[in-house]
Amino acid sequence: MNKTKDAYSWQQIQQSLVLRIYKMRSLRFSLLFVLVVSASGFAGAQTQVKVLSLPEVIEIAKRQSPDALAAQHRFRSSYWQYRNYKAGLMPMLTLDGTLPSLSRSIEKITTPEGDFFYERNLANYTAALSLSKNIGLTGGQIFLNSDLQRIDLFSDSTVTSYLSSPLNIGIRQPLFNYNPFRWARRVEPMRYNEAERRYIEDVEQVSISAVNLFFSLLDAQIRQNIQQINLANNDTLYQIARGRFNIGTIAENELLQIELSLLNARAAVESASLDVEMKMFSLKSFLRLPEDVSLQLIAPSAPAAPVIDAQLAVNEGRENRSDALAFERRMIVAESGVNKAKAENRFNANLYAVYGLTQSSSDLSTVYKNPQDQQRLVLGIQVPILDWGLTRGKIKLAESDRELERTAVQQEMIDFDQEIFLKVMQFNMQRGQLEIAAKSDTVAVKRYEVTKQRYLIGKIGIIDLNLAQTEKDNAQQGYIASLSSYWRSFYELRKLTLFDFIEGRRILFNFNDIPDVE
């Protein structure tokens with residue numbers, strides 16, 4: 001009875017000793033951590049530590065990342081393309097001049113008496129001012145112009161003459177030809193609206209890229225933190241195991257196993273530190289931050305988005321996305337190709353009519369007096385008589401291209417709806433997955449702490465402790481991975497629908513977001 005009681009007392013003394021050693025080791029590593037933080041603060045004079053949350057990273061990325069700047073440049077290109085289209089419909093005022101055109105040559109002239117060679121030595125000067133306007137409805141052009149010409153003939157004496165046209169008004173009008181202005185009036189505004197929506201999608205893609213890089217670095221920093229904690233724990237356990245081995249309470253095999261775990265923990269810390277540096281470089285490069293900035297990320301919570309209705313998401317996608325507008329535009333373009341093939345390969349006619357005033361004189365002061373009227377009317381026609389089926393072949397080719405485009409658009413519309421539907425299902429499922437991952441992380445941490453305490457008092461072996469540590473690490477990393485997937489799916493769904501499901505409104509284009517655009 002006394003022997004049993006003595007053994008029990010010795011076991012209590014041993015457990016108390018182990019706990020004291022563990023507390024001393026913990027205190028030592030706490031002091032080491034303070035020293036590291038102090039050293040980091042001293043190094044902060046050289047390296048600035050910047051603490052960033054996920055919304056801050058996304059805002060910086062939208063403002064200055066290379067992808068955001070590229071999106072702005074692409075929109076500017078589309079903007080000026082649309083401005084050029086609108087400018088082409090406005091009246092154009094031009095000034096043409098020849099100052100001068102000199103000619104000295106021997107030319108053949110034909111008279112009623114026959115052909116003669118005549119030496120010409122002259123200078124020709126012209127100036128013309130014209131105002132023209134394209135007619136979008138008919139595809140023609142109306143114009144007003146005024147011009148003045150002067151000719152100087154050089155021989156024994158210089159002879160000067162003037163020809164003026166104070167005012168001419170005319171029209172150029174294809175009667176049955178293809179009218180590009182009518183089709184452009186339908187296509188170009190749609191193309192510009194596509195550019196606006198595509199810019200919003202590009203901005204959302206910037207957010208997706210920022211989320212991916214943010215969680216990539218966050219995961220690396222958490223892994224590094226886990227490995228550093230594991231290293232401290234393994235070092236403490238190794239010191240305790242050495243004390244136990246010296247008093248003969250554990251075998252050498254268990255001591256070697258703990259020492260191996262310590263070595264592996266040191267290697268894991270070095271590997272995790274290198275991974276942090278690589279991931280930090282990628283994020284800083286994307287955000288265009290200075291090299292002397294060190295980033296420390298704050299783990300975000302899940303977005304407060306409700307359970308999303310799949311039909312609502314599909315309807316918003318059809319209404320808002322650039323692809324939905326592109327489907328309609330592509331069919332219009334295909335239809336215009338058929339219209340062009342039919343119009344350009346059958347009966348065509350062109351009308352050219354001008355009415356104006358003219359006068360000639362040898363004196364500039366009288367060249368505008370008593371002008372005479374002048375008219376000109378030209379009606380040209382083109383009728384294909386024999387083309388060996390060329391016209392019919394071009395029309396059939398255009399119709400085939402139209403049907404091919406219609407089939408492609410119909411299939412893409414089906415894929416379009418399916419992509420949104422599947423993304424909604426994935427997002428709603430990940431809400432439950434995230435809750436499970438958070439609960440698993442909490443349970444794994446608690447289990448590890450209980451297992452560690454049981455190991456310290458000798459109730460379980462090192463294998464059970466290593467298993468609990470591995471499960472703890474995996475659970476924490478699994479939670480971050482689940483959180484990353486949740487945020488990524490959230491922004492992917494925003495991009496697919498251009499709809500903010502938190503605010504319950506559409507994401508609208510803001511022209512002020514594009515700098516340097518008039």
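Helices and strands are here runs assigned by DSSP, with at least four residues for a helix and at least two for a strand, and they are numbered from the N terminus. The model described in this report is a predicted one.

**A nonpolar patch on the surface**

With the elements numbered in this way, Trp388 can be placed in the loop between β8 (372–382) and α8 (390–456). Trp388 counts as exposed, because its relative accessibility is 76% and the cut-off for exposed is over 50%. This residue is part of a nonpolar patch on the surface, which also includes Leu175, Phe176, Phe347, Leu379, Ile381, Val383, Ile385 and Leu386. Together, the residues of the patch have about 1,100 Å² of accessible area.

**Aromatic rings**

A pair of aromatic rings is described by the distance of the centres and the angle of the planes. The structure holds 21 aromatic pairs, and two of them are set out in the table below.

| Pair | Centre to centre | Angle between planes | Arrangement |
|---|---|---|---|
| Phe75 and Tyr199 | 5.9 Å | 50° | tilted |
| Phe490 and Tyr491 | 5.3 Å | 80° | edge-to-face |

The pair of Phe75 and Tyr199 links distant parts of the chain, since Phe75 belongs to helix α3 (residues 66–88) and Tyr199 to helix α4 (residues 180–246), with their positions 124 residues apart in the numbering. Phe75 counts as buried because its relative accessibility is 2%, and Tyr199 is buried as well, with a relative accessible area of 7%. Both rings belong to one aromatic cluster, whose other members are Tyr79, Trp80, Tyr82, Tyr85, Tyr192, Phe509 and Phe511. In the pair of Phe490 and Tyr491, both residues are buried, and the rings are edge-to-face because their planes stand at 80°, where the cut-off is over 60 degrees.

Aromatic rings also meet charged side chains in this model: the charged end of Arg172 sits over the ring of Phe143, 4.4 Å from the ring centre, while the charged end of Arg150 sits over the ring of Tyr125, at 5.7 Å from its centre.

**Helix α9**

Helix α9 (residues 462–497) is made of 36 residues, and from its first C-alpha to its last it reaches 52 Å, which is close to the 52 Å expected at 1.5 Å a residue. The helix is followed by Leu498, whose phi is positive, near 50°. Ile463 lies in helix α9 and counts as exposed, because its relative accessibility is 66%. Although Ile463 and Ile258 are 205 residues apart in sequence, their C-alpha atoms are 9.5 Å apart in space.

Conventions
Residues numbered from 1 in each chain as written. Predicted model: local features only at pLDDT ≥ 70, side-chain atom pairs only at ≥ 80, totals over all residues. Heavy atoms only, no water. Patch = residues over 30% accessible without salt bridge, like charges linked within 9 Å, V, L, I, M, F, W, Y side chains within 5 Å. Areas by Shrake-Rupley, 256 points an atom, 1.4 Å probe, with all protein chains shown as cover. Salt bridge = Lys/Arg side-chain N within 4 Å of Asp/Glu carboxyl O. Buried < 20%, exposed > 50% of the residue type's maximum accessible area, 1.4 Å probe, protein only. Phe/Tyr/Trp six-rings, centres within 6.5 Å; stacked < 30°, edge-to-face > 60°. Lys NZ or Arg CZ within 6 Å of the ring centre and 35° of its normal. Expected span 1.5 Å × (residues − 1).
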